[in-house]
Amino acid sequence: MATTYSVASPATSPVAVPSAAARLVADSWTSMLRILLNYRHSPGLLAASLGVPVVMVVVFGYVFGSAIQVPGGGDYREFLMPGLFAMVATNGIMPTMVGAARDLGRGVTDRLRSMPVSRTGLLLGQNLADLLVSVVVLALLALVGLAAGWRVRHGLADAAGGFALLLLFRFVMTWVGTCLGLAVGKEEAAGQLAVAVFPVAMVTNAYVPTGGMPGWLRTVADWNPVSSVVQACRELFGNPSAPGDAWPMQHAGLAALLWSGVLLALCVPLAVRKFGTHGR
């Protein structure tokens, strides 16, 4: 009788497919490193980011400060510093807007989109890289402010809450900038649109009390999200303030969180959708 032999087929091991969460984390990390390498190879860009806070304190604290009185008394530079912190957070719109439009115009976005990567992770990593740079800029600005006479009058916990709110708002502003940059699509147009951001940052309580403004302009300033962040930080740091009667000024911390949540809820899905559908 012939003996039959069976040949066993080699066992095939299943290929592990990363979960959506794992891919999001990995792609965010890679995208963040890509942006941070730009700062490494462009030291002038980093130097400008770190030098601006020093100039801001000197110009506004010493040049303009002598002509501005804080209602109820108090040192103007202590009144000013939370406003400068909030300006650093607000200025996150401009570099991310220009960067998103530049990548779109040069075809970088199309190349990234053709890869099997998380689109949310790509955008999230870019904005997290900006957040890390912002930590350094805010720390330097705080040191310059301390040298100029600014002090944290409340405890460390409140101070940490103030800086956490600033970083949250910076993160929100980077998503706003990303959304605008992807909508514009051209680097030159994004650079011109950045000029329009300037009035939004200036019509606030960051540099001067809003009590001396015309009624309609004061209403705009008091309901500006930046003003809520500034007032909340003044309260947390224990610095002089002139809040006024508007609801966002009387509940500044809550208003700042509500504004941040609304802007994130609007801009994150819009940016991700625009990133994935551009040119289609």
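**Exercise 1. The second largest pocket**

Task: Work out how much space lies in the second largest pocket, which residues line it, and which helix gives the largest share of that lining.

Solution:
- Start with the volume: the second largest pocket holds about 170 Å³ of space. Keep in mind as you go that this is a predicted model.
- Next, list the wall. The lining consists of Val52, Met56, Phe60, Met87, Asn91, Met94, Val197, Phe198, Ala201, Met202 and Tyr207.
- Now sort those residues by class. You get 10 nonpolar and 1 polar, with no charged residues in the lining.
- Which one is polar? Asn91 is in the lining, and Asn is not on the nonpolar or charged lists, so Asn91 counts as polar.
- Finally, map the lining onto helices. Both α2 and α8 (187–202) supply at least two residues each, and α8 gives the largest share, with 4 residues.

**Exercise 2. A nonpolar patch on the surface**

Task: Find the residues that make the nonpolar surface patch of about 440 Å², then place Val54 in its helix and decide whether Val54 is buried, partly exposed or exposed.

Solution:
- The patch is made by Val54, Val58, Tyr62, Val63 and Phe64.
- Val54 sits in helix α2, which runs over residues 43–64.
- Look up the accessibility of Val54: the relative value is 36%. Buried means under 20% and exposed means over 50%, so Val54 falls in the partly exposed class.
- Helix α2 turns up in both exercises so far: Val54 of the patch lies in α2, and α2 supplies at least two residues of the pocket lining.

**Exercise 3. Salt bridges**

Task: Say how many salt bridges the protein has, and for each pair give the N to O distance and the place of both partners in the chain.

Solution:
- The count comes to 3 salt bridges. The cut-off to apply is a side-chain nitrogen of Lys or Arg within 4 Å of a carboxyl oxygen of Asp or Glu.
- Pair one is Glu78 with Arg153, whose closest N and O atoms are 2.4 Å apart. Glu78 belongs to helix α3 (residues 76–90), while Arg153 is in the loop between α6 (119–147) and α7 (156–184), so this bridge ties together parts that are 75 residues apart in sequence. Glu78 has a relative accessible area of 6%, so Glu78 is buried.
- Pair two joins the side chains of Arg170 and Asp130, at 2.8 Å from N to O. This is another link between distant parts of the chain, with Arg170 in helix α7 and Asp130 in helix α6, 40 residues apart. Arg170 is buried at 10% relative accessible area, and Asp130 is buried too, at 5%.
- Pair three is Asp222 with Arg218, at 3.6 Å from N to O. Both partners lie in helix α9 (residues 215–222), 4 residues apart, or about one turn of the helix. Asp222 is buried with a value of 4%, whereas Arg218, at 27%, is partly exposed.

**Exercise 4. Contacts across the sequence**

Task: For Gly145, Lys186 and Leu167, find the element each is in, classify its accessibility, and give the C-alpha distance to its listed partner.

Solution:
- Gly145 is in helix α6. Its relative accessibility is 0%, so Gly145 is buried. Pro82 is 63 residues away in sequence, with 9.8 Å between the C-alpha atoms.
- Lys186 is in the loop between α7 and α8. At 55% relative accessibility, over the 50% cut-off, Lys186 counts as exposed. The partner here is Arg102: 84 residues apart in sequence, 6.4 Å apart from C-alpha to C-alpha.
- Leu167 is in helix α7. At 24%, Leu167 is partly exposed. Leu167 and Val135 are separated by 32 residues in sequence and by 7.5 Å, C-alpha to C-alpha.

**Exercise 5. The whole fold**

Task: Give the number of helices and strands, and say what share of the residues is buried.

Solution:
- Count the elements: the protein has 12 helices and 0 strands. Read along the sequence, the pattern is therefore α-α-α-α-α-α-α-α-α-α-α-α.
- For burial, 44% of the 280 residues are buried. Among them are Gly145, at 0%, and Asp222, at 4%.

Definitions and conventions
Residues numbered from 1 in each chain as written. Predicted model: local features only at pLDDT ≥ 70, side-chain atom pairs only at ≥ 80, totals over all residues. Heavy atoms only, no water. Patch = residues over 30% accessible without salt bridge, like charges linked within 9 Å, V, L, I, M, F, W, Y side chains within 5 Å. Areas by Shrake-Rupley, 256 points an atom, 1.4 Å probe, with all protein chains shown as cover. Buried < 20%, exposed > 50% of the residue type's maximum accessible area, 1.4 Å probe, protein only. 1 Å grid on protein atoms, 1.4 Å probe; cavity = no way out; pocket = protein on both sides within 12 Å on 5 of 7 lines; lining within 4 Å. Points joined across faces, edges and corners; volume = space filled by probe spheres on them.
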